Amino acid sequence: MEITDKNLIDAGFTLNEVSVIKRAAATENTETAVTYEFILKDLSKRFWGGVICYGISFIPILLILISRTPAGDSVIINIIVMVFIWFVTYYIIPMKLAVKAKRYLRKYGIQ
């Protein structure tokens, strides 16, 4: 199955997101043409990287909650760091595109 702009828009991608994917495919420094399928598979892999980053960001909070000593300021600092990690992860790994790419690949059975 060939992936086209229309297929992506019908699957829930916005015009802006399709243009971002198209720019990513055009700016790859490879000798062969990069297809939408390649970009979507790469975004799908980044999804799992983002999930792992989000999961790791919860570890300090869980350790504070499990410990029996009063945490005080460390809870606030860890929450600030956790929110920063979420913000950076969301924009460095385009999680919104990654989720949509994962759904698209699963829906159409592309491996």
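## A tour starting at helix α5

Select N78, M82 and T89: these are the buried residues of α5. They sit on the same side of the helix, because they cover an arc of only 40° around its axis. The idea behind this is a simple one: an α-helix has 3.6 residues a turn, so residues three or four places apart point the same way.

Before you go on, keep in mind that you're looking at a predicted model. The protein chain has an average pLDDT of 83, and 88% of its residues score at least 70. Colour by confidence and compare two helices: α4 has the lowest mean, 79, while α6 has the highest, 91.

Now back to α5. Which residues are exposed on the other side of α5? Select D73, I76, I77, I80, F84, F87 and Y91 to see them. And what covers the buried residues? Show α3 (36–57), α4 (59–66) and α6 (95–107), which are among the parts that do the covering.

Try a ruler next. Helix α5 runs over residues 73–92, and at 1.5 Å a residue its 20 residues should span 28 Å. Put your distance tool on its end C-alpha atoms and you get 28 Å, which agrees.

Time for some rings. How many aromatic pairs does a search of the whole structure find? There are seven. Zoom in on F47 and W48: their ring centres are 5.0 Å apart and their planes are at 75°, so this pair is edge-to-face. F47 is buried, with a relative accessible area of 16%, whereas W48 is partly exposed at 46%.

Hop over to F58 and W86. Here the ring centres are 5.5 Å apart and the planes are at 55°, so the pair counts as tilted. F58 is in the loop between α3 and α4 and W86 is in helix α5, so the pair ties together parts that are 28 residues apart in sequence. Switch on the surface and look at both: F58 is partly exposed, with a relative accessible area of 37%, and W86 is partly exposed too, at 31%.

For one more set of rings, select F13, Y104 and Y108, which form one aromatic cluster.

Last stop: L15, in helix α2 (residues 15–26). Is L15 buried or exposed? Its relative accessibility is 65%, so L15 counts as exposed. Finish by drawing a line from the C-alpha of L15 to that of D5: the two residues are 10 apart in sequence and 8.5 Å apart in space.

How values were computed: Residues numbered from 1 in each chain as written. Predicted model: local features only at pLDDT ≥ 70, side-chain atom pairs only at ≥ 80, totals over all residues. Heavy atoms only, no water. Helix = DSSP H or I, 4+ residues; strand = E, 2+ residues; numbered from the N terminus. Expected span 1.5 Å × (residues − 1). Buried < 20%, exposed > 50% of the residue type's maximum accessible area, 1.4 Å probe, protein only. Arc of directions from axis to C-beta. Contact = heavy atoms within 4.5 Å. pLDDT = per-residue confidence, 0-100. Phe/Tyr/Trp six-rings, centres within 6.5 Å; stacked < 30°, edge-to-face > 60°.
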